[in-house]
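Here are some short exercises, each followed by a worked solution. Please keep the viewer open and try each task before reading on.

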Amino acid sequence: MENCQKTVSEVRQFLENVKRLLFQKGKVIVNNRPWANGKVNKTLAYMAETGIKQEDMECVINELQVCHYSYTDWDSNSKFPNEQFWFFGITKKLVDQEEALYIKLKIREIRGQSLLIMSFHPEQPSSPELKLGFPYQDYQSNIEGP
């Protein structure tokens, strides 16, 4: 399955759900486990290098708006059929300099809905054409948390 672009309405609804979950205790999970086969978990490495914590990530995610949306893609893991990742990018200064952050989120049914922060680290495209694009970058309406 290939990635797709959601409508403004779908992105707004997803972000409303994300922000609702951010304010519910125990409903946010960060993918901060080491990966198998020697692959680097960039989120875990970024957390270790900078000292940022889950709370810092949650603050940034709470600032996400439709204009930060890039695209949506299907999870290729056969254990999670019909689940999607939502990709966002935002430029923030978390430590000592502004960085273009790559944020990959998923909402999954785990004891009710939970927000999974799958990736949160500086964007590191391997080529210019893989850099995140923002189809709604001029969209101005804000989505507030609860």
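**Exercise 1: a tryptophan in its strand**

W74 lies in strand 2, where helices (H or I, at least four residues) and strands (E, at least two) are DSSP runs, numbered from the N terminus. This is a predicted model, in which local features need pLDDT of at least 70, side-chain atom pairs count only at pLDDT 80 or more, and totals for chains, interfaces and linings use all residues. Residues are numbered from 1 along each chain as its sequence is written, and side-chain values use heavy atoms, with hydrogens and water left out.

Task: Decide how W74 is classed by its relative accessible area.

Solution. Step one is to recall the classes: buried means under 20% relative accessible area, exposed over 50%, and partly exposed in between (1.4 Å probe, protein chains only). Step two is to read the value: W74 has a relative accessible area of 28%, so this residue is partly exposed. As a distance check, the C-alpha atoms of W74 and E58 are separated by 23 Å, with their positions 16 residues apart along the chain.

**Exercise 2: the overall fold**

Task: Describe the order of the elements and test the chain against the globule rule.

Solution. Begin with the count, which is 3 helices and 5 strands. From the N terminus on, these run α-β-α-α-β-β-β-β.

Next comes the radius of gyration, taken over C-alpha atoms; the globule rule is 2.2 Å times the number of residues to the power 0.38. For 146 residues a compact globule would have a radius near 15 Å, and the protein agrees because its radius of gyration is 15 Å. Along the principal axes, the C-alpha atoms fill a box of roughly 40 × 35 × 35 Å.

Finally, look at burial and contacts. Of the 146 residues, 42% count as buried. Contact means heavy atoms within 4.5 Å. Among contacts with a separation of 6 or more, 59% come from residues 24 or more positions apart.

**Exercise 3: the largest pocket**

Task: Find which residues lie nearest the centre of the largest pocket and which strand gives the most to its lining.

Solution. The idea behind the search is simple: rolling a probe the size of a water molecule over the atoms shows where empty space is left. On a 1 Å grid over the protein atoms alone, where a 1.4 Å probe fits, a pocket is an open set of points with protein on both sides within 12 Å along at least five of seven lines; lining residues have an atom within 4 Å of a point. Grid points are joined across faces, edges and corners, and a volume is the space filled by probe spheres set on the points.

The largest pocket holds about 500 Å³ of space. Its lining has 24 residues, with K42, Y102, K104, S119 and H121 nearest the centre. Helix 2 (42-50), strand 2 (69-74), strand 4 (98-109) and strand 5 (113-122) are the elements that give two or more residues to this lining. Strand 5 gives the most, with 3 residues.

To sort the lining by chemistry, count Ala, Val, Leu, Ile, Met, Phe, Trp, Tyr, Cys and Pro as nonpolar, Asp, Glu, Lys and Arg as charged, and the others, Gly among them, as polar. The result is 9 nonpolar, 9 polar and 6 charged residues.

**Exercise 4: the second largest pocket and N31**

Task: Characterise the second largest pocket, then place N31 and list its contacts.

Solution. The volume of the second largest pocket is about 350 Å³. It is lined by 15 residues, and N31, R33, F80, R108 and M118 lie nearest its centre. Strand 1 (28-30), strand 4 and strand 5 each supply at least two lining residues. By chemistry, the lining divides into 9 nonpolar, 2 polar and 4 charged.

Now turn to N31, found in the loop between strand 1 and helix 2. Leaving out residues up to four places away in sequence, N31 touches N41, T43, I117 and M118. N31 and I117 are 86 residues apart along the chain, yet their C-alpha atoms are separated by 6.0 Å.
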